[in-house]
Amino acid sequence: MRWAIIPNVQIAVVEDDPLVRDFVVDTLEFSVNRKIHTFDNGFAAWQYIQTSNPIHIVFSDIHVPDIGGLELIARIKAAQPEIICILASGNPADALRATEAGADSFVLKPYGVSELFALVQTFVVEDKGQRG
């Protein structure tokens with residue numbers, strides 16, 4: 001069985017806290033060896049996603065300015081349902097709201113490197129032995 005990173009995966013991180021954003025970006029860049037697109041608010045991310053720039057995965061905090069994570073994910077899923085959407089929050093009650101908005105996964109804050117690596121394993125790494 002061989003494992004490989006899906007080629008040219010494009011990931012967007014939407015987080016208004018610079019320390020958290022830098023942690024997520026550094027971890028994901030290390031994991032997938034790709035530049036990660038970063039946004040400090042949902043509106044900027046939504047504008048970018050609406051352009052011809054391909055995004056495969058969006059990792060967003062629920063509580064970001066301008067367009068919150070829940071609304072951002074709902075918009076993304078309505079326009080481009082193939083984009084994988086992961087929401088994060090420090091409130092466990094937000095897990096249900098994330099699912100209702102269409103999120104593919106929910107991560108409870110505070111999260112660590114192991115949770116981010118698990119997301120990469122789930123959504124970015126493909127099993128060459130099973131897929132062909």
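I looked up enclosed space first, and the largest cavity has a volume of about 80 Å³, where a cavity is a set of points on a 1 Å grid over the protein atoms alone at which a 1.4 Å probe fits but cannot get out, and a volume is the space filled by probe spheres set on the points, joined across faces, edges and corners. This is a predicted model, in which local features need pLDDT of at least 70 and side-chain atom pairs pLDDT 80 or more, while totals for chains, interfaces and linings use all residues. I number residues from 1 along each chain, and side-chain values use heavy atoms, without hydrogens and water.

I searched the whole structure and noted one cavity of 30 Å³ or more. Its lining residues (an atom within 4 Å of a point) include I11, L28, I57 and F59. By class I count ten nonpolar residues in the lining (Ala, Val, Leu, Ile, Met, Phe, Trp, Tyr, Cys and Pro), with no polar and no charged ones. The largest share, four residues, comes from α5, a helix being a DSSP run of H or I of at least four residues and a strand a run of E of at least two.

I then followed F59 to its ring partner: F59 and Y111 pair edge-to-face, at 5.7 Å centre to centre and 85° between the planes (pairs have centres within 6.5 Å; under 30 degrees is stacked, over 60 edge-to-face, the rest tilted). F59 lies in strand β4 and Y111 in the loop between β6 (105–108) and α5, so the pair ties together parts 52 residues apart in sequence. F59 is buried at 4% relative accessibility (buried is under 20% with a 1.4 Å probe, protein chains only), and Y111 is buried at 11%.

Definitions and conventions:
On a 1 Å grid over the protein atoms alone, a cavity is a set of points where a 1.4 Å probe fits but cannot get out, and a pocket is an open set with protein on both sides within 12 Å along at least five of seven lines; lining residues have an atom within 4 Å of a point. Rings of Phe, Tyr and Trp (its six-membered ring) pair if their centres lie within 6.5 Å; planes under 30 degrees apart count as stacked, over 60 as edge-to-face and the rest as tilted. Buried means under 20% relative accessible area, exposed over 50%, partly exposed in between (1.4 Å probe, protein chains only).
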